Amino acid sequence: MNSAASYVPETHKLSELAKAARQCKGCPLYADATQTVFGSGRSSARMMLIGEQPGDREDLAGAPFVGPAGRVLDKALAAAEIDRAELYLTNAVKHFKFTTNERGKRRIHKTPSRTEVEACRPWVLAELDTVAPEVVVLLGATAAKCLLGNDFRLTRHRGEILHATGLLDEEPALVATIHPSAVLRGPSESRQGAFDGLVADLRTAYATTRTVSSAGSAGSGRFMPASRPVRR
């Protein structure tokens, strides 16, 4: 079974995790990607954002959320009055998965498979364990299923304050919302509404860093997360 577990070192230093991730061959995606795109941001961030995977721009730059979706996210964070410099941003999958157009010149995003997401989960858990955020924003269905399992439905629980029992020693609050790219892909007449919804969900998540303890709160949902691999 494909897994990054054997590549993840026993460390709580993000620089060492990032260095080790550059050598990861835990799934076949490394073969076609330009490079590993590890997370970036504040090592002691109270809020962590997890997206799906790096896109074309991120694959070339080696940093998360620097392309078109990243610009939407920056705009949404500004509207929610959240400083990106105070956050930690990463993706459920660390290598760009893509197909090419007929001429083979344009790389087109392709959604990671369940197997690829599961293979890369040890890196996400290591980042969570190291940063120890108070709240995690899951941007899109792939990120949500990475931590909450394949049966999780974003449309049913979007914007709720959730907790995943057994995910980490200290459980962060979880808030699932749309990926910023969904704003770009939607019909022009509905983009403002999608953007406003993203901003509202970011505000909900940010507010938990001051109001919700890791023990949960009234009305918050609890989930059994996807199985946690053991670091070797």
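This briefing describes the nonpolar cores, the strand pairing and the empty spaces of one protein structure. The model is predicted, and the values below are computed from it. Its largest nonpolar core has 41 residues, its largest pocket holds about 640 Å³ of space, and a search of the whole structure finds 1 cavity of 30 Å³ or more.

**Nonpolar cores**

- Within the largest nonpolar core of 41 residues, the ones with the most contacts inside it are I50, W123, L128, L138, L147 and L174.
- Helices and strands both contribute to this core, since at least two residues each are supplied by α1 (14-21), β2 (47-51), α4 (114-131), β6 (135-139), α5 (141-148), β7 (162-164) and β8 (173-177).
- Among these elements, α4 gives the most to the core, with 9 residues.
- A second core, separate from this one, has 23 residues and includes L49, F65, F195 and A205.
- Leaving aside residues up to four places away in sequence, I50 touches T90, N91, A92, V124, V136, V137, L138, L139, A143 and L147.

**Strands around β3**

- Strand β3 covers residues 88-91, and Y88 and T90 point one way from it while L89 and N91 point the other way, yet all of them are buried.
- With strand β1 (residues 40-41), β3 pairs in the antiparallel sense over 2 bridges, and in β3 it is Y88 that G41 stands opposite.
- With β2, by contrast, β3 runs parallel, and 4 bridges join the two strands.
- I50 stands opposite T90 in β3, and T90 is also among the residues that I50 touches.

**The largest pocket**

- The largest pocket, with about 640 Å³ of space, is lined by 26 residues, of which G55, D56, A69, H109 and S181 lie nearest its centre.
- At least two residues of this lining come from each of α2 (56-61), α3 (68-79), β5 (107-109), α5 and α7 (180-185).
- By class, the lining of the largest pocket divides into 9 nonpolar, 10 polar and 7 charged residues.

**The largest cavity**

- The largest cavity has a volume of about 90 Å³, and of the 15 residues that line it, C24, C27, H95, C120 and W123 are the closest to its centre.
- W123 therefore appears in two parts of this picture, as it is also one of the residues with the most contacts inside the largest nonpolar core.
- Helix α4 provides the largest share of the lining of this cavity, 3 residues.
- The lining of the largest cavity has 10 nonpolar, 3 polar and 2 charged residues.

Notes. Residues numbered from 1 in each chain as written. Predicted model: local features only at pLDDT ≥ 70, side-chain atom pairs only at ≥ 80, totals over all residues. Heavy atoms only, no water. Core = buried A, V, L, I, M, F, W, Y, C linked by side-chain atoms within 4.5 Å. Buried < 20%, exposed > 50% of the residue type's maximum accessible area, 1.4 Å probe, protein only. Contact = heavy atoms within 4.5 Å. Pairing = 2+ DSSP bridges. 1 Å grid on protein atoms, 1.4 Å probe; cavity = no way out; pocket = protein on both sides within 12 Å on 5 of 7 lines; lining within 4 Å. Points joined across faces, edges and corners; volume = space filled by probe spheres on them. Nonpolar A, V, L, I, M, F, W, Y, C, P; charged D, E, K, R; others polar.
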